[in-house]
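Thanks for coming, everyone. I'll put the structure up and walk through it.

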Amino acid sequence: EEWPETGRLALYLLGLRATCPSPDPGSQRSLVTWLKYHLEEDWAGSRRHGHPLTSYYQYGLGVLALCTHRKRVREEVIRRLLEAEHHHKFRHAGGSAVDTEAVAVLAFTCLERERLVRSRLAAELRAARRRVRRRMVEEQRPDGFFGNVYSTPWAMQVFIASNMCQLKTVYSQAMAALLKNLDAFTISATMAQVLPVLHGRSYLDIASMRCQEEADTLTPISPEPLPEVLGTMMVRLVVECSLPQCPQHPLYDQLVPAPAGASLLDVLRAAAAQETHNFTFDTQETPQGPFLIRVLGLEAQQRKRSYWQLLTDSGTSLEMGVAEYRPRDGDSIILRLSEW
């Protein structure tokens, strides 16, 4: 069964609109049609579960991308997101829902701004926006982040798009936290989320771009290589499964030697190279970088709403992916197969 490509296609259409494509609309029209199709497949394929096949995050991205291209979507599609927000369905596995809420609110704001919905529905969208903004302000962390470092740019885009940057304390704390942690944004997908915020913009601004006035200022650059760190570190790697059918004891618990400064992905590769412990894993390439899908033969399956959770030994979720996170000597990393 082919899985809906809702999120990937939505990101592509957002990027395409931002690059001021050629006046010929033929190829764009085809992509928009495919995105509408995937939105319907995303929901219809899992109607009995009451949630999209992929996630509300991807579903909201789809609605947002169509709106920035000024394409209408059926009212039922919009109401699915409204109902999910109203019944707090965005939050999963006890984690933050900031990024999903923010994507949905940006879609709601765009639909109203572009006048793609009727007045009664527009009023409901405004009420949802106010609820989400209020939650974001109430749940802002002491360090200034909304959720985590990666969901914070999404939240800030909500305040920018809603002309709510007058909440100076809230906004300035988030901006200060971002500026201190810009080195966390190392792949194109996360850079694309934070760059508009650094310029006081949101994804909604691409809907009103006048492409004939845009200067071609893009120039290729060669990134400087990361400084080489000499030496070796030891990382304790633990594999657990919290699903009912799994054993309750750790499936793997070993010290893994790796080069100092190595990423978690490099640590996993080093563990796999230790023939005596039979460690195996697989990743899948996504717009956000490599995504861990299988460890010791246990597969995370989106249709079963399972995923590999990355944790520290204190139970804190890592805020980076396997290719970005760089453990330190003596750290313990837990890979836990969980449900969301």
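Start with Leu198. Leu198 is partly exposed, and its relative accessible area is 32%. You'll find Leu198 in helix H9. Keep in mind that this is a predicted model.

Now, Leu198 has company. Together with Leu179, Leu182, Met191 and Leu195, Leu198 forms a nonpolar patch on the surface. The five share about 400 Å² of accessible area. Which helix gives the most to this patch? Helix H9, residues 188-198, with three residues. Leu198 can belong because a patch takes residues with over 30% relative accessible area, and Leu198 comes in at 32%.

Next, the inside. The largest nonpolar core has 69 residues. Met136 and Phe146 have the most contacts within that core. H5 supplies the largest share, 10 residues. There is another core, apart from that one, with 30 residues. Ala258, Ala262, Val295 and Val322 are among them.

Stay with Phe146 for a second. What does Phe146 touch, leaving out residues up to four places away in sequence? The list includes Met136, Val98, Met156, Phe159 and Val170. Gln140, Ser151 and Thr152 are on the list too. So are Ala155 and Ala174.

On to the disulfide. A disulfide is a covalent bond between the sulfur atoms of two cysteines. How many are there here? The count is one. Cys67 is joined to Cys110, with 2.1 Å from S to S. The link is left-handed, at -100° about the S-S bond. Look at where the two ends sit. Cys67 is in helix H3, residues 56-68, while Cys110 is in helix H5. The two cysteines are 43 residues apart, and the pair links distant parts of the chain. Are they buried or exposed? Cys67 and Cys110 are both buried.

Now salt bridges. The whole structure has 20 of them. I'll show three.

Take Glu112 and Arg129. Their side chains meet in a salt bridge at 2.4 Å, N to O. Glu112 lies in helix H5, residues 98-113, and Arg129 lies in helix H6, residues 119-138, so the pair ties together parts 17 residues apart in sequence. Glu112 is buried, and Arg129 is buried as well.

Next, Arg236 and Asp253. In this salt bridge the closest N and O atoms are 2.7 Å apart. Here strands are involved. Arg236 is in strand E1, residues 232-241, and Asp253 is in strand E2, residues 252-259. The pair links distant parts of the chain, 17 residues apart. How accessible are the partners? Arg236 is partly exposed, with a relative accessible area of 35%. Asp253 is partly exposed, and its value is 35%.

Last pair: Arg74 and Glu76. Their side chains form a salt bridge at 2.8 Å, N to O. Arg74 is partly exposed, at 40% relative accessible area. Glu76 is partly exposed, at 39%. This pair also belongs to a network. Glu40, Arg74, Glu76 and Arg80 are linked in it by salt bridges.

To recap. On the surface, there is a nonpolar patch that includes Leu198. Inside, there is a nonpolar core of 69 residues, with another of 30 residues apart from it. One disulfide joins Cys67 to Cys110. And the search finds 20 salt bridges across the whole structure. That's the tour.

How values were computed:
Residues numbered from 1 in each chain as written. Predicted model: local features only at pLDDT ≥ 70, side-chain atom pairs only at ≥ 80, totals over all residues. Heavy atoms only, no water. Patch = residues over 30% accessible without salt bridge, like charges linked within 9 Å, V, L, I, M, F, W, Y side chains within 5 Å. Areas by Shrake-Rupley, 256 points an atom, 1.4 Å probe, with all protein chains shown as cover. Salt bridge = Lys/Arg side-chain N within 4 Å of Asp/Glu carboxyl O. Helix = DSSP H or I, 4+ residues; strand = E, 2+ residues; numbered from the N terminus. Buried < 20%, exposed > 50% of the residue type's maximum accessible area, 1.4 Å probe, protein only. Core = buried A, V, L, I, M, F, W, Y, C linked by side-chain atoms within 4.5 Å. Contact = heavy atoms within 4.5 Å. Disulfide = S-S within 2.5 Å.
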